[in-house]
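Here are two short exercises to work through with the model open beside you. Try each task before reading its solution.

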Amino acid sequence: MKKILIINGPNLNLLGDREKNFYGDTTLEKIQNICQTVCNKYQLECEFFQNNNEGALIDKIQSVDKGYGGIIINPAAYTHTSIAILDALRATSKPKIEIHISNIYAREDYRRKSITSEAVNGVICGFGENSYSLAIEAISKLIYK
Ligand code: DQA
């Protein structure tokens with residue numbers, strides 16, 4: 001069974017309380033539980049990770065070539081700013097999917113540009129917590145093709 005890494009960037013630990021009009025009221029813990037269930041359905045093992053620091057996210061991305069089949073990442077605000085995260089994603093040849101809970105293309109101008117998406121196979125955004133489940137289905141197709 002292949003293992004995937006699901007990485008969550010800054011402030012996503014506050015889901016459930018934070019800007020519910022954009023992100024809904026589901027907590028990150030609940031999303032993690034949903035991801036485990038969906039991964040089981042697609043014969044994937046799942047490791048779920050959240051951190052507020054750019055360096056910690058990069059360290060985790062760098063571990064993907066050691067034992068993981070692919071990576072799903074919600075880089076949160078670093079999506080729009082981090083060339084370092086882009087470079088870390090580019091350094092791995094494993095399947096990569098970027099996700100967002102909200103539709104970043106329907107929000108403020110500064111959110112409409114994703115720097116990190118230049119390194120991924122595809123982007124899923126705007127489906128609320130379901131963006132995670134859709135990304136797991138999509139990555140299973142890339143991993144078990
Ligand atoms: C987000 C969108 C980002 O613009 C924002 O900074 C986030 C969450 C999303 O999941 O919709 O923190 O990545």
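**Exercise 1.** In this predicted model, find which polar atoms lie by the oxygen atoms of the ligand, and describe the shell around the ligand.

*Solution.*
Step 1. Start at Arg111, where a polar side-chain atom lies 2.9 Å from an oxygen atom of the ligand.
Step 2. Move to His80, whose side chain places a polar atom 2.7 Å from a ligand oxygen.
Step 3. Now check the backbone: an N or O atom of Ile101 lies 2.8 Å from an oxygen atom of the ligand.
Step 4. Turn to burial. The ligand taken alone exposes 320 Å², and the protein buries 99% of that.
Step 5. Widen the view to the surrounding residues, among them Arg18, Tyr23, Asn74 and Ser102. By class, this shell has 5 nonpolar, 4 polar and 2 charged residues.

**Exercise 2.** Work out how helix 3 and helix 4 are oriented to each other, and which residues make their contact.

*Solution.*
Step 1. Locate helix 3 at residues 54-62 and helix 4 at residues 83-90.
Step 2. Their axes are 9 Å apart and meet at an angle of about 5°.
Step 3. Angles under 35 degrees count as roughly parallel, so helix 3 and helix 4 are roughly parallel to each other.
Step 4. Helix 3 contributes Glu54, Leu57, Ile58 and Ile61 to the contact, while helix 4 brings Ala84, Ile85, Ala88 and Leu89.
Step 5. Sorted by class, the contact has 7 nonpolar residues, no polar ones and 1 charged.

Notes. Residues are numbered from 1 along each chain as its sequence is written. This is a predicted model: local features need pLDDT of at least 70, side-chain atom pairs count only at pLDDT 80 or more; totals for chains, interfaces and linings use all residues. Side-chain values use heavy atoms; hydrogens and water are left out. Axes are lines fitted to C-alpha atoms, for helices over the stretch in contact, and angles run from 0 to 180 degrees between N-to-C directions. Helices (H or I, at least four residues) and strands (E, at least two) are DSSP runs, numbered from the N terminus. Angles under 35 degrees count as roughly parallel, over 145 as roughly antiparallel, 65 to 115 as roughly perpendicular and the rest as oblique. Contact means heavy atoms within 4.5 Å. Ala, Val, Leu, Ile, Met, Phe, Trp, Tyr, Cys and Pro count as nonpolar, Asp, Glu, Lys and Arg as charged, and the others, Gly among them, as polar. A residue is near a molecule or strand if one of its heavy atoms lies within 4 Å of it. A polar contact is a pair of N or O atoms within 3.5 Å; within protein, one must be able to donate a hydrogen and the other to accept it, and residues adjacent in sequence count only if both atoms are side-chain atoms. Accessible areas come from the Shrake-Rupley method with a 1.4 Å probe; for residues, only the protein chains shown count as cover.
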